[in-house]
Amino acid sequence: MTDIDDLPVRDELRGKSPYGAPQLDVPVRLNTNENPYPLPEPLVERITERVREAARNLNRYPDRDAVELRTQLAKYLTDTSGHEVGLANVWAANGSNEVIQQLLQTFGGPGRTAIGFEPSYSMHGLISRGTGTGWISGPRNEDFTIDLAAAEKAIAENRPDVVFVTTPNNPTGTAVPAETVLALYEAAQAAKPSLVVVDEAYIEFSHGASLLPLIEGRPNLVVSRTMSKAFGAAGLRLGYLAAHPAVVDAVQLVRLPYHLSAITQATALAALEHTDTLLKYVEQLKAERDRLVAELLAAGYEVTASDANFVQFGRFDDSHTVWQKILDRGVLVRDNGVPGWLRVTAGTPEENDAFLDAVRELKKEQS
Ligand code: PMP
């Protein structure tokens with residue numbers, strides 16, 4: 001039987017596994033930090049209209065620069081952060097994963113390195129490898145906050161070309177204060193001018209504000225965002241970044257021509273027309289996240305403070321066995337491979353109740 005390792009694949013891909021959150025068909029799926037609420041019917045109608053219009057022109061390539069979409073994304077960022085950004089500051093791609101890939105193709109690559117503070121979003125390391133960028137795993141404190149002194153030391157020693165800071169962090173939910181990001185930015189610029197990518201995929205769920213205003217006067221700072229979480233549009237595949245216009249010019253050196261299909265642009269524009277409706281679930285999800293934290297603590301679990309739409313809970317001698325036991329009760333959570341911990345996404349109140357019943361039952365079994 002021929003497998004990957006029999007093919008002439010690149011050395012750094014040998015023996016590696018693809019990213020793969022299990023997509024299992026179970027009643028309650030709380031494993032991929034999706035928004036549990038389907039899109040409201042009036043928005044589905046508007047998407048249909050916009051897509052029908054776009055379909056008439058599918059004989060033509062889409063707007064390569066996605067001007068209308070980037071203008072609307074800039075408006076959303078300006079309205080929600082109070083910091084004015086325009087078309088020239090914003091770039092969009094197929095999910096923030098593609099934004100990150102384009103950044104690494106532009107600022108990383110063979111002979112260059114990227115650093116992240118782990119545990120964090122595993123795709124930062126995987127996309128680094130995929131783009132030939134060396135990956136450096138930086139440290140965190142026991143409580144999953146960033147150990148600033150150790151991080152500054154790691155940056156000074158390794159002189160990375162790209163620095164990832166995820167806030168709120170996935171899978172731990174930990175928010176990173178602006179002062180820490182600023183200190184990391186200074187450390188990264190002192191070591192060698194390098195790009196600092198602040199991954200704000202979950203920022204709408206945070207107790208704190210977006211760090212978007214920090215891009216002012218800092219051309220090597222990029223904030224990356226997505227419509228997959230708070231907007232409840234993971235299936236759309238739309239991510240974007242805000243940065244100095246020079247960064248937006250730079251990523252255009254590597255983006256594939258016409259990378260954002262006319263259908264994607266039309267759908268995202270329809271969704272942005274309904275921003276208020278889409279974001280109305282954010283407050284409810286934040287309240288459910290806080291309820292999960294309180295109830296997990298009450299049930300005798302340890303919990304990591306969360307600013308995201310998910311909660312890391314533990315601690316377990318064998319987290320994978322606990323993951324399986326929760327699954328046996330019809331609830332899929334995530335084992336991110338962080339020893340002793342599992343992660344649950346905030347779902348609907350009913351889904352969260354099913355999860356809480358399952359973990360309370362497990363505690364009873366143990367005692
Ligand atoms: N960044 C972080 C921290 C994430 O957790 C995720 C998705 N799980 C992404 C980026 C990618 O999201 P998308 O490609 O759907 O925009």
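**Notebook: strands, helices and loop residues**

I began with strand β6 and found both of its faces covered, since Leu-195, Val-197 and Asp-199 on one side and Val-196 and Val-198 on the other are all buried. The model I am reading is a predicted one. I recall that side chains in a regular strand alternate between the two faces of the sheet. For β6, which spans residues 195-199, 5 of the 5 residues are buried, so the strand is largely enclosed by the rest of the structure.

I then looked at what lies beside β6 in the sheet. On one hand, β5 and β6 run parallel and are joined by 5 bridges, and I noted Val-196 of β6 as the bridge partner of Val-163. Between these two strands the chain passes through α6, and this β-α-β crossover is right-handed. On the other hand, β6 is joined by 4 bridges to strand β7 (residues 221-226), again in parallel, with Ser-224 of β7 as the bridge partner of Asp-199.

Next I traced the sheet as a whole. I read an open sheet of 7 strands in the order β2-β8-β7-β6-β5-β3-β4, and its pairing is mixed. Its edge strands are β2 (90-93) and β4, each of which pairs on one side only. I also noted that neighbouring strands of this sheet are turned by 25° against each other on average, with direction ignored.

At the β2 edge I looked up the pairing with strand β8 (residues 239-242), which is antiparallel and extends over 4 bridges; here Leu-241 in β8 is the bridge partner of Trp-91. Helix α2 lies across β2 and β8 and runs at about 115° to β2. Lys-75 belongs to this helix, which covers residues 67-81, and I recorded Lys-75 as partly exposed because it has 17 C-beta neighbours inside 10 Å. I also checked Lys-75 against His-244: the two are 169 residues apart in sequence, and their C-alpha atoms are 16 Å apart in space.

I turned to helix α5 (residues 148-158) and asked which of its residues are buried. I found Ala-151, Ala-154 and Ile-155 to be buried in α5. These residues cover an arc of only 95° around the axis, which puts them on the same side of the helix. The buried residues of α5 pack against β3 (113-117), β4 (134-138), β5 (162-166) and α6 (178-191), whereas the face turned away from the buried side carries the exposed residues Ala-149 and Glu-157. After α5 comes Arg-159, and I noted that its phi is positive, near 45°.

My next entry concerns a second sheet, in which 3 strands form an open arrangement in the order β9-β10-β12 with antiparallel pairing. Since β9 (302-303) and β12 (341-345) stand at the edges, each has a single partner strand, so one side of each is left without a neighbour in the sheet. Strand β10 (residues 310-314) pairs with β12 in the antiparallel sense over 5 bridges, and within this pairing I found Gln-312 opposite Arg-343 of β12. Helix α9 (residues 275-298) lies across β9, β10 and β12, and runs at about 10° to β10.

I then went through the backbone for cis peptide bonds. The bond from Asn-170 to Pro-171 is cis, with omega near 15°, and Pro-171 is found in the loop between β5 and α6. The bond from Gly-314 to Arg-315 is likewise cis, with omega near -15°, and I placed Arg-315 in the loop between β10 and α10 (319-328).

Last, I looked at loop residues other than glycine with positive phi. Asn-33 has phi near 55° and sits in the loop between β1 (28-29) and α1 (41-55). Is Asn-33 buried or exposed? I counted Asn-33 as buried, because 22 other C-beta atoms lie within 10 Å. Tyr-258 has phi near 60° and lies in the loop between α7 (245-251) and α8 (262-273). With 13 other C-beta atoms within 10 Å, Tyr-258 is entered as partly exposed.

Terms used. Residues are numbered from 1 along each chain as its sequence is written. This is a predicted model: local features need pLDDT of at least 70, side-chain atom pairs count only at pLDDT 80 or more; totals for chains, interfaces and linings use all residues. Two strands pair if DSSP finds at least two bridges between them. Two residues are in contact if their C-beta atoms, placed from the backbone, lie within 7 Å. Axes are lines fitted to C-alpha atoms, for helices over the stretch in contact, and angles run from 0 to 180 degrees between N-to-C directions. A residue is buried if 20 or more other C-beta atoms lie within 10 Å of its own, exposed if 12 or fewer, and partly exposed in between; C-beta atoms are placed from the backbone. The arc is that of the directions from the helix axis to the C-beta atoms. A crossover is right-handed if, with the strands pointing away from the viewer, the path from the first strand over the helix to the second runs clockwise.
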